[in-house]
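Biologist: I'd like to learn how to read a model like this one. Could you walk me through it, starting with how far to trust each part?

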Amino acid sequence: MPSRLALASLVTLAGLIGCSGCAAPVPTAEAPPVVEPESLGAAQFPRARLAEDGVFYEEGEASRDGTGRFYMGREIAQVMDHRGAAWLERPDRARQERPDLLVDALELAPDAVVADLGAGTGYFTFRLAPLVPLGTVIAVDIQREMLQIIEGRAEVEGAANVEVVLGTITDPGLDPESVDVTLIVDAYHEFSHPREMLTAIRRATRPGGQLVLVEYRGEDPTIPIKRLHTMTEAQAIREAEAAGWRFVENRDVLPQQHLLVFEKP
Ligand SMILES: C[S@@+](CC[C@H](N)C(=O)[O-])C[C@H]1O[C@@H](n2cnc3c(N)ncnc32)[C@H](O)[C@@H]1O
């Protein structure tokens, strides 16, 4: 029997996804709201880390959707706010992005432990869960509100193999060598600390395990998405290799996104 919290989360999500007679504005595909950086929690961003920061990151002028923070020449995008949940669940997304092709391409073992990192509303979490009936999907996000949506849906759907973890901006908080595959879809470009995140994911991955990075193709100017929400293959490989990942291949199965597979050496 779903709890009241679960039902409340689902009602919230249903409301966000769209209700034709509702007065509440639904964010458009063009303008999902972004998180004010301060609200990500100064507590998660200790001073010592700030001092170290200059080693990897540079500050510059922020572009319209950017943070003014640069990693390996790439400006980091702003974090999408949980109030934009409707945008993640937009009805035409499946046609645009073909998540069915994406999850098939992962070729998951039925007992795999998969981390859906930057899970948002769980758009991928709940597509992965049936593929690993003997395994687990760990949905990680830094916004508690996103995880509440996932918890609510997991309870209502009886998805017993879905767990949630509240990460920080530098660490997903996963146990060492506990994960077979980490999937990051449309989220990496907004990680404020990509270097630390990629290193922490590597620590959490079993030897031979994979990181799968899915980002809109930055090489293709015809793809209708904000520039900072895209990534070129070369840039993604540069950043992942700098954190100790080995590039395996770009599985070219998606209409608009790269599906980049890396392995823990
Ligand atoms: C654009 S949403 C994508 C959500 C989901 N992957 C999807 O494709 O529907 C990006 C998500 O990444 C999360 N995020 C940003 N930085 C993060 C970090 N360092 N660790 C975990 N999640 C993060 C945000 O809170 C947001 O929910």
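Modeller: Sure. pLDDT is the predictor's confidence in each residue, on a scale from 0 to 100. Keep in mind that this is a predicted model. The chain has a mean pLDDT of 86, with 81% of its residues at 70 or more.

Biologist: Where in the chain is confidence lowest, and where is it highest?

Modeller: The low end is helix 2 (residues 47-53), with a mean of 46, and the high end is strand 4, at 99. Two stretches stay under 50: residues 14-30, with 16 contacts beyond four places in sequence, and residues 41-51, with 5 such contacts.

Biologist: OK. How many helices and strands does the chain have?

Modeller: There are 9 helices and 11 strands. Of the contacts with a separation of 6 or more, 68% are between residues 24 or more positions apart.

Biologist: What should I look for in the interior?

Modeller: The general idea is that nonpolar side chains tend to be buried together in soluble globular proteins. Here, buried residues make up 37% of the 265 in the chain. The largest nonpolar core has 54 residues, and Val114, Ala139, Ile150, Leu183 and Leu213 have the most contacts inside it. Take Leu213: beyond four places in sequence, its contacts are Ile184, Tyr188, Ala236, Ala240 and Leu260.

Biologist: And next to Leu213, is Val214 buried or exposed?

Modeller: Val214 counts as buried because 23 other C-beta atoms lie within 10 Å, where the cut-off is 20 or more. Val214 sits in strand 8. Its C-alpha is 4.7 Å from that of Val185, although the two are 29 residues apart along the chain. Besides Val185, Val214 touches Leu102, Ile184, Asp186, Gln257, His258 and Leu259, leaving out residues up to four places away in sequence.

Biologist: What about a loop residue such as Ala112?

Modeller: Ala112 is in the loop between helix 5 (99-105) and strand 4, yet it is buried, with 20 other C-beta atoms within 10 Å. Past its neighbours within four places in sequence, Ala112 is in contact with Val132, Gly135, Asp180 and Val181. The C-alpha atoms of Ala112 and Val181 are 7.5 Å apart, with their positions 69 residues apart along the chain.

Biologist: How do I read the burial pattern of a helix?

Modeller: An α-helix has 3.6 residues a turn, so residues three or four places apart point the same way. In helix 8 (residues 194-204), the buried residues are Pro194, Met197, Leu198, Ala200, Ile201 and Ala204. Viewed down the axis of helix 8, they fall within an arc of 165°, so they line one face.

Biologist: Which elements do the buried residues of helix 8 pack against?

Modeller: They pack against strand 2 (66-71), strand 4 (113-117), strand 7 (179-185), strand 8 (205-217) and helix 9 (233-242).

Biologist: Anything to check in the backbone?

Modeller: Look at phi. Most residues other than glycine have a negative phi. Arg98 has a positive one of about 50°, and Glu177 is also positive, near 50°. Arg98 is in the loop between helix 4 (93-97) and helix 5, while Glu177 is in the loop between strand 6 (162-166) and strand 7. Arg98 is partly exposed, with 17 other C-beta atoms within 10 Å; Glu177 is partly exposed too, with 13.

Biologist: Last one: how many residues surround the ligand?

Modeller: The ligand has 23 residues around it, and the closest are Gly118, Gly120, Tyr123, Val185 and Ala187. That shell divides into 16 nonpolar, 4 polar and 3 charged residues.

Terms used. Residues are numbered from 1 along each chain as its sequence is written. This is a predicted model: local features need pLDDT of at least 70, side-chain atom pairs count only at pLDDT 80 or more; totals for chains, interfaces and linings use all residues. A residue is near a molecule or strand if its C-beta atom, placed from the backbone, lies within 6 Å of it. Ala, Val, Leu, Ile, Met, Phe, Trp, Tyr, Cys and Pro count as nonpolar, Asp, Glu, Lys and Arg as charged, and the others, Gly among them, as polar. A residue is buried if 20 or more other C-beta atoms lie within 10 Å of its own, exposed if 12 or fewer, and partly exposed in between; C-beta atoms are placed from the backbone. Helices (H or I, at least four residues) and strands (E, at least two) are DSSP runs, numbered from the N terminus. The arc is that of the directions from the helix axis to the C-beta atoms. Two residues are in contact if their C-beta atoms, placed from the backbone, lie within 7 Å. A nonpolar core is a set of buried Ala, Val, Leu, Ile, Met, Phe, Trp, Tyr and Cys residues joined through C-beta atoms within 7 Å.
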